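Here is a quick walk through one charged cluster and the helix beside it. Have a look at the structure first, then read on.

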Amino acid sequence: MTEAVLDAPDPDAAADTSSSNSTVAGGAGSAVAQRLASLQPPMKPRSSSKSPDAGAAVVRESESPGPPSVNSSSSVSASVDSSTTPSIWRSRDYLSWWTGTTVSALGSTLSAIAFPLLMLYQTGSVAQAGAIAALENVGRLTTLLIGGVLADRFSRKALLVGAPMIQALAVGAVVPLVLTRHVSVYSLGAVAVVQGVVNGLSGGAMMPALKRIVPAEQFPAASASRQGRDMAAELVGPPIGGILFAAARWAPFVGDALSYLAAALGSGLIRTPLGPELGEDTPREPMRRQLAEGWRFIRSNDYMRFITTWIPVVNALFMVLFLLVLALIRHRGGGPVSVGTANAIAAIGGLTGAVCTPWLVRRIRSRTLVVAASWVLAAGVIAAAFVPHPWEIGAVFAAALVMAAPLYSVFETYQVKIVPDELYGRVSTLLTFLSVGLLWVAPIVAGLLADFFGPVTAQVVGGGVLAALAVWVQSAKSLHQLDEDR
């Protein structure tokens, strides 16, 4: 129900949702997962009118050709008095992007509910519903690394405009399939593969583009606003999606197709050069060499090495849990509207967390937030297995998801500080590639567990694994870097 993807700091993020939130599987938790995966590094997500590099006050190692050290003075963006910095809401470019992706996020929540429900009510098999999500992740995985190189070599604006237009056509193709009764795991699987391939090719462009239009010192506020936007979409979208699906099974897909066009328009209206532009010195080495440069940066940093292991496991778990919650609600007698309502209730918690994020990150140490979020999420997953009513499942996840937005903000803001602009596309897609490496198998595992052992037992197992990860987070020395560079 709330599929979480820590898309490496959708990702719809996840992800961000620029075109973004994957619509094949989603939900409040799904959004978390896709975003973490996109901690571009979700996904489903998600500016300043200064010069192109105004938002790139990030750490760069100008002297040394090697990757910057996290502990070097260059790893911290120049400090700027926030009182002299215009609000991001006064930036025309940020508003254009934010408005388009907000509409897209809302559309993604409609079809994110409708895709698994369509298969679940067509076949009665959680495994087949999971197969659709798995195919989307496989398609994304095949093109992610190519997308990172594209984002550092070619126009990011073209990627952000063209990708959602293609996705609008793909999602729109589901409408005639439903009307002509040709829905099958093969037809929806083909749509899922197209969605995944396009997400992979365009996914590396979003965060480097945002670095161009959002000043570094405003990134925590921008991150919180995007989290709030996505959670608000999760609050409003699932009930609407459930009602539309119950009225006409093709209706949610029409809404999502139109929302992708809005995302393309919003990106097209951005005036700030998003890079690389004509005349800019862009890398032209072979793709393998360019990817190796990004990988060397990741391996040079203890924090990044931790994230490359932790994020994939957490993403896979939340993908599993999203499908298990669908099965759990159905097991408790709920229908499409109950699923949408439970997701909306859970999103209230995420929205509350997004609103509180700026206050929390100013007053609580970053590592403390990460540790607390890990334990709260584990407790919420286990508790959801034992509450009797669908709305109570949503309430339990609402309490847990209060910590999702602060967790994402901590990771994303730190990553923006330490990753150079010229490497961001490759680093982000390498992290996302690792993040989604287990996602293709997660839906299948979820379906098999639910079909053979029941959703309650499977949910408890998932919570136990999250608790084990929380122990690891608490003992990880590399996370102390989050506080050292504040």
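Arginine 426 has a relative accessible area of just 2%, so it counts as buried, the cut-off being under 20%. Keep in mind that this is a predicted model.

What does arginine 426 pair up with? One partner is glutamate 293, and their side chains meet in a salt bridge at 3.1 Å, N to O. Arginine 426 sits in helix H16 and glutamate 293 in helix H10 (residues 287–299), so this pair ties together parts that are 133 residues apart in sequence. Is glutamate 293 buried or partly exposed? Its relative accessibility comes out at 33%, so glutamate 293 counts as partly exposed.

Another partner of arginine 426 is aspartate 152, with the closest N and O atoms 2.8 Å apart. Here too the pair links distant parts of the chain: aspartate 152 belongs to helix H3 and arginine 426 to helix H16, 274 residues apart. Both of these residues are buried.

Aspartate 152 also forms a salt bridge with arginine 156, at 3.3 Å between the closest N and O atoms. Again, both ends of that bridge are buried.

Side by side, the bridges look like this:

| Salt bridge | N to O distance |
|---|---|
| Arginine 426 – aspartate 152 | 2.8 Å |
| Arginine 426 – glutamate 293 | 3.1 Å |
| Arginine 156 – aspartate 152 | 3.3 Å |

Through shared partners, Asp152, Arg156, Glu293 and Arg426 end up in one network. For context, a search of the whole structure turns up 6 salt bridges.

Now on to the helix that carries Arg156. Helix H4 covers residues 156–172, which makes 17 residues, and spans 25 Å from first C-alpha to last, close to the 24 Å expected at 1.5 Å a residue. At its N-terminal end, serine 155 acts as the cap: a side-chain oxygen of serine 155 lies 3.4 Å from the backbone nitrogen of lysine 157.

Which residues of H4 are buried? They are Arg156, Leu159, Leu160, Ala163, Pro164, Gln167, Ala168, Ala170 and Val171. Why do they end up on the same side of H4? Because they cover an arc of only 165° around the axis.

What do these buried residues pack against? Their contacts include helix H3 (126–153) and helix H16 (421–435), along with helix H5 (174–179), helix H6 (185–202), helix H7 (206–213) and helix H9 (251–268). Helices H3 and H16 are also the ones joined by the bridge between aspartate 152 and arginine 426.

Notes:
Residues are numbered from 1 along each chain as its sequence is written. This is a predicted model: local features need pLDDT of at least 70, side-chain atom pairs count only at pLDDT 80 or more; totals for chains, interfaces and linings use all residues. Side-chain values use heavy atoms; hydrogens and water are left out. Helices (H or I, at least four residues) and strands (E, at least two) are DSSP runs, numbered from the N terminus. The expected span of a helix is 1.5 Å times one less than its number of residues. Buried means under 20% relative accessible area, exposed over 50%, partly exposed in between (1.4 Å probe, protein chains only). The arc is that of the directions from the helix axis to the C-beta atoms. Contact means heavy atoms within 4.5 Å. A polar contact is a pair of N or O atoms within 3.5 Å; within protein, one must be able to donate a hydrogen and the other to accept it, and residues adjacent in sequence count only if both atoms are side-chain atoms. A salt bridge is a side-chain nitrogen of Lys or Arg within 4 Å of a carboxyl oxygen of Asp or Glu.
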